[in-house]
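Work through these exercises with the structure open beside you. Try each task before you read its solution.

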Amino acid sequence: MASVGRDTLRAQRTLSVAGQQYEYFAIAEASPAEKEAIAQLPVSLKSLLENLLRHEDGVTVTVDDVHALVDWPTHRSSQREIAFFPVRVVMPDSSGVPLLADLSAMRDALQRAGGDPQKVNPFIPVHLIVDHSVSADFAGSSDAFDRNIQVEYARNSERYTFLRQAAKAYRNLRVVPPGNGIIHQVNLEFLSRPVWSEMVGGKLFAFPDSLVGLDSHTPMINSLGVFGWGVGGIEAGSAMLGEPISMIIPEVIGCRLVGRIPAGVTSTDLVLTVTERLRQRGVVGSIVEFCGSGVAALSLPDRATLANMAPEYGATMGYFPIDEETIKYLAGTGREAKDVALTEAYAKAQGMWGAHDSRRLYTDVIEIDLSAVEPCMSGPRRPQDRHALAAVPKSFSDAFPSLVPGRRQQAELHDPTRPLQEGDVVIASITSCTNTSNPALLIGAALLARNARARGLKPKPWVKTSLSPGSRVVSDYLEAAGLRKEFDALGFQV
């Protein structure tokens, strides 16, 4: 954020946190006569309103844009097109490297024209996390991780030479090398601060984190109260160079959660249930904002699992407001104390604190009772095709009638020397940001592995087994709990 707008509406105020003074744009002052309407906005739209106030310049962002968003509760929808300025851009190597190549081409062109190529830089912070190119060439051995990283560097040496040069050449660019985890979990655990601060014109400003990402599961960061979603390369490239993203003020569907998840039910069961319900309602192009008393009963990793699935239930975002659980997570993941304190104070000052506020209005509300969620699975192809666990055998038989249990001789099934046949499992992989971001799921899988070992069970020799944690933190807590050895013994080495 190199500059702020002209503040036509005189919304700039000062916030004191732990002896530090921050300037900020108070959304309640966007229209003092309509403070009640502003209080009725969903928290996600309050973040968007702050973005408009901070960038209001009379040209790209106008006072009329601000008033259009303030008026949203009247109809709970809008056709107004506005300009959104993300704080930063997050991208994996698969789509980020081409953007950096474009940036380098711009420098070359400027140099050939007699200009200063050093003037071409990302205008806002850009985080590039290498996670999409690493393959599990080696698995089922203690040195699999090191060998895969070595192969990756050798296989893509030109790419890494380019990335090293880019990291040194460009301001506002940070490259996270391979082997550190999945982009969305690295973003969640390390990179994001729900409220940022920056010096502008000699004053320290505080403002909400926001981003666009070059991956469909970017909304995982919504679990921290961060406004962000996945976009294409053109939009991300424009944002990287300081241009706004044009968007229609969105509809916001409230997903009201009540009750608590029963014992024995996982966040995956919850995700599949929510995905089914939201797909039935239809939320494409909308923000889903989770609200209600049940939100407080969800851990931050459970929220991350829900937010991460936004592309599967079709929403632009799956947003959770900042609350006590957010603050607890930030402190537990090593964020600076001043940033944690600022996040809490800012959210409360802006009326963006907590998910349970009866004043907030939504385009529509879907209520889900957490206590009614049951163990389930989804498939065989689509995440919205949910089946209660008891119904899985029949659904499997319906999907694959030629593989119905009992059609083969049991002795044949247990013969490790027989040739592979249709229906054999050949890959068993614990991966994906949906699953590996949640400690409860990973620990549950490790306990299952321990119980399998105790009963003498092991994978068939033709099954390729692998464990790809979302971040190095996963390996650390499995090791600390004495559970990593349970995975290793069954061939699920990292």
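The exercises below concern a predicted model.

**Exercise 1. Lay out the open sheet.**
Find the order of the four strands in the open sheet, and say which strands lie at its edges.

*Solution.*
Step 1. Recall that strands of a sheet pair through backbone hydrogen bonds, either parallel or antiparallel.
Step 2. Read off the order: S14-S13-S12-S15, with parallel pairing.
Step 3. Look for strands that pair on one side only: these are S14 (317–319) and S15 (364–369), the edge strands.
Step 4. Check the twist. Neighbouring strands of this sheet are turned by 25 degrees against each other on average, direction ignored.
Step 5. Zoom in on one pairing. S12 (residues 252–258) and S15 are parallel and share six bridges. Leu-257 stands opposite Ile-368 in S15.

**Exercise 2. Place two helices on the sheet.**
Which strands do helices H2 and H10 lie across?

*Solution.*
Step 1. Take H2, residues 43–55. This helix lies across S12, S13 (287–291) and S14. Its angle to S13 is about 120 degrees.
Step 2. Take H10, residues 267–281. This helix lies across S12, S13 and S15. Its angle to S15 is about 155 degrees.

**Exercise 3. Follow strand S9.**
Find the strands that pair with S9, and the bridge partners of Val-212.

*Solution.*
Step 1. Sort the side chains of S9 (residues 210–213). Ser-210 and Val-212 point one way, Leu-211 and Gly-213 the other. All are buried.
Step 2. Go to S4 (residues 88–92). Three bridges join S4 to S9, and the two run parallel. Here Val-89 is partnered with Val-212.
Step 3. Go to S10 (residues 227–230). S9 and S10 are parallel, with four bridges. Here Val-212 is partnered with Trp-229.
Step 4. Stay with Trp-229. Together with Phe-84 and Phe-227, Trp-229 forms one aromatic cluster.

**Exercise 4. Classify a ring pair.**
Are the rings of Phe-290 and Phe-320 stacked or edge-to-face?

*Solution.*
Step 1. A pair of aromatic rings is described by the distance of the centres and the angle of the planes.
Step 2. The model has seven aromatic pairs. In this one, the centres are 4.5 Å apart and the planes are at 10 degrees.
Step 3. Planes under 30 degrees apart count as stacked. The planes are at 10 degrees, so Phe-290 and Phe-320 are stacked.
Step 4. Locate the partners. Phe-290 is in S13, and Phe-320 is in the loop between S14 and H13 (324–332). They are 30 residues apart.
Step 5. Buried means under 20% relative accessible area. Phe-290 has 0%, so Phe-290 is buried. Phe-320 is also at 0% and buried.

Note on methods: Residues are numbered from 1 along each chain as its sequence is written. This is a predicted model: local features need pLDDT of at least 70, side-chain atom pairs count only at pLDDT 80 or more; totals for chains, interfaces and linings use all residues. Side-chain values use heavy atoms; hydrogens and water are left out. Two strands pair if DSSP finds at least two bridges between them. Axes are lines fitted to C-alpha atoms, for helices over the stretch in contact, and angles run from 0 to 180 degrees between N-to-C directions. Contact means heavy atoms within 4.5 Å. Buried means under 20% relative accessible area, exposed over 50%, partly exposed in between (1.4 Å probe, protein chains only). Rings of Phe, Tyr and Trp (its six-membered ring) pair if their centres lie within 6.5 Å; planes under 30 degrees apart count as stacked, over 60 as edge-to-face and the rest as tilted.
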